[in-house]
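I opened the notebook on how two chains meet and on one residue inside one of them. The entries below follow what I looked up.

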2 protein chains.
Amino acid sequence: MTLQEALRLYLPPVEQALQQILTPPTEDFKPFYQMMQYHHGWLDERFRPTGQQGGKRIRPLLCLLCCGAAFGQPHELTPLAAAIELLHSFSLVHDDIQDRSPTRRHRPAVWALWGEAQAINVGDALYAAAQWSLSALAGSLEPTRVCALRSQFDETCLRLCEGQYLDLEFSSRPTVSREQYLLMIERKTAWLLGYCAWAGSFAAGVSESVAARYREFGLCLGLAFQVLDDVLGVWGAEDETGKPSSSDIVEAKKTLPYIEALAMLPADLAQELQAIYRGPESTREEAAVARARELMEQAGARRACLKLAAHYHERAVQILKELNPEPEHAEALLELVSLLSTRRS
Amino acid sequence: MTLQEALRLYLPPVEQALQQILTPPTEDFKPFYQMMQYHHGWLDERFRPTGQQGGKRIRPLLCLLCCGAAFGQPHELTPLAAAIELLHSFSLVHDDIQDRSPTRRHRPAVWALWGEAQAINVGDALYAAAQWSLSALAGSLEPTRVCALRSQFDETCLRLCEGQYLDLEFSSRPTVSREQYLLMIERKTAWLLGYCAWAGSFAAGVSESVAARYREFGLCLGLAFQVLDDVLGVWGAEDETGKPSSSDIVEAKKTLPYIEALAMLPADLAQELQAIYRGPESTREEAAVARARELMEQAGARRACLKLAAHYHERAVQILKELNPEPEHAEALLELVSLLSTRRS
């Protein structure tokens with residue numbers, strides 16, 4: 001099965017579940033739910049239907065494909081897949097407030113349109129909707145299994161917040177070690193992908209040790225994904241990523257290219273790079289940003305990051321192959337893995 | 001059993017469960033968890049132990065007492081009681097950011113100490129911790145019962161956000177009707193108290209209809225509580241409430257006393273009151289605030305609100321008595337109800 005075929009097969013019910021759970025209970029709350037619908041791409045900022053969706057639904061798809069790969073019934077997991085996407089949405093809505101990012105997927109962020117206070121609330125409601133969606137699992141899975149899926153989901157949410165804590169905290173630290181950075185992205189990004197893969201296989205009824213290998217697969221995929229994201233944050237093209245070019249330098253985010261460059265540059269150039277990252281965003285002019293990018297390139301940071309991403313990517317592929325997955329789903333999964341590891345946006 | 005005896009009997013395990021779930025998993029995340037511990041009153045702003053706790057733990061206590069009143073085993077519900085308090089904590093942390101309230105329980109709010117971005121994250125983590133705490137119920141209750149308790153918990157969270165949506169939204173509306181206002185406080189405050197009472201009785205194994213009556217009891221209690229809170233927001237003394245006197249007028253919050261006063265004042269005085277509420281906080285001087293309070297008093301708004309609070313209070317007491325509750329727990333519950341309906345802070 002190709003990835004396109006998997007998308008067509010599995011995502012429509014997920015999209016339907018998302019739309020159902022984000023339906024206002026009464027007219028009183030309509031605009032509130034429309035803000036949540038806006039974030040998912042179904043409505044524009046004046047709440048007119050767009051006929052589209054925002055986001056690639058990578059995480060729900062990963063969960064459902066791992067369920068199929070482990071010889072389970074992906075359709076039983078629709079509420080879980082919807083919950084995973086809602087959790088991801090919640091984290092993006094709050095992230096944009098925290099980072100003061102005015103745009104998301106080429107459109108204004110929720111907070112930029114309806115203010116911070118309501119955007120905090122939109123994120124909270126998306127999280128609550130994610131949790132509520134999980135309740136619907138009781139219709140198709142036995143209660144002990146639902147409890148286990150929920151318990152791990154909850155731990156994942158807490159780990160996500162821990163990752164976000166470190167990410168926010170890094171901005172006020174003079175230096176960040178490679179280990180601290182990897183711990184941060186493990187929590188903030190990779191843990192959820194690990195959960196997706198674990199949960200899909202767990203629901204399929206595999207043994208604990210096999211489910212743990214699926215989790216490892218998802219974790220590696222998440223790490224590859226995030227390291228590549230950091231490369232795009234420095235070297236990505238604006239028309240492809242939807243974010244201003246080198247936005248991570250503009251915002252002085254201490255991501256892996258910066259950390260690697262500092263470790264590899266001679267002392268004077270490392271100091272020059274650090275000096276560019278010091279001070280508020282408004283002080284970093286275009287020339288300074290370009291110079292920082294050049295220093296990182298010169299240090300070999302891009303190459304080092306791409307090498308690390310490739311390492312995680314290969315590990316993910318290796319683990320998946322060792323799991324003897326159902327071939328049709330494995331094909332789609334491998335295509336998803338390649339896509340995430342070679343994407344340009 | 002007196003309320004004091006109930007506190008001593010039931011709250012220590014809840015406090016212990018809270019402390020356990022808010023223990024950092026590793027040193028890397030220690031300050032993050034300390035922020036959460038600070039909010040619960042155990043640490044001061046420099047993370048030194050206070051030997052105290054913040055908050056009255058009313059909601060957990062309501063849940064446990066209703067469980068006992070319905071002839072159940074309150075001790076089995078410790079993880080649920082902890083989850084309820086964590087949910088309440090999460091909502092307060094985000095509320096303070098949204099309302100720009102610099103203090104909470106006579107101390108600086110989390111956002112005032114560690115910034116908005118991290119405070120959003122602290123709230124998110126408290127919510128995640130609340131959910132995770134619910135997982136522990138699987139140790140003492142059967143899984144189908146845990147699923148039902150969780151499902152209703154999730155709906156409650158969403159209703160809470162809906163209430164918060166209206167509350168935030170009211171600030172930009174010229175007028176708010178009594179019905180809209182009651183809908184808002186039902187969602188924002190009363191629903192959670194309704195859940196506490198429902199969940200305690202449900203876990204005790206009562207019939208659906210009895211559990212529904214317990215929910216009604218909690219809802220009435222919540223409505224009485226909130227209407228009284230609004231009276232205190234206008235007429236409460238600063239040294240008792242911990243908030244500046246008449247803070248709801250200063251912040252131009254369209255709470256019940258304002259709505260009632262507008263409905264009862266002659267047109268010219270109603271216009272005068274509305275004029276005071278217009279414009280940003282900085283324009284409302286002490287004399288204007290005092291005048292608004294006087295107008296509300298003169299209109300009879302205080303009396304009308306206290307009458308409504310008493311009505312809900314009496315309904316709560318009536319429902320509880322009709323439920324033939326276990327006498328020891330009923331005694332403590334009635335004391336809790338009286339306390340909430342006659343409090344001055």
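Across the interface of chain B and chain A, I found 17 residue pairs in polar contact, both residues at pLDDT 80 or more; a polar contact is a pair of N or O atoms within 3.5 Å, where within protein one must be able to donate a hydrogen and the other to accept it, and residues adjacent in sequence count only if both atoms are side-chain atoms. On the side of chain B that touches chain A, α6(B) gives the most, with 18 residues; helices are DSSP runs of H or I, at least four residues long, numbered from the N terminus.

I noted that this is a predicted model, in which local features need pLDDT of at least 70 and side-chain atom pairs count only at pLDDT 80 or more, while totals for chains, interfaces and linings use all residues. Residues are numbered from 1 along each chain as its sequence is written, chains are lettered from A in the order in which they are written, and side-chain values use heavy atoms, with hydrogens and water left out.

I then looked up the charged pairs, and the count between chain B and chain A is 4 salt bridges (a side-chain nitrogen of Lys or Arg within 4 Å of a carboxyl oxygen of Asp or Glu). One of them joins Arg100(B) to Glu116(A), with the closest N and O atoms 3.8 Å apart.

Turning to helix α7 of chain B, I looked up Lys188(B), which is buried at a relative accessible area of 19%, buried meaning under 20% (1.4 Å probe, protein chains only). The side chains of Lys188(B) and Gln164(B) are joined by a polar contact of 2.7 Å.

How values were computed:
Helices (H or I, at least four residues) and strands (E, at least two) are DSSP runs, numbered from the N terminus. Buried means under 20% relative accessible area, exposed over 50%, partly exposed in between (1.4 Å probe, protein chains only).
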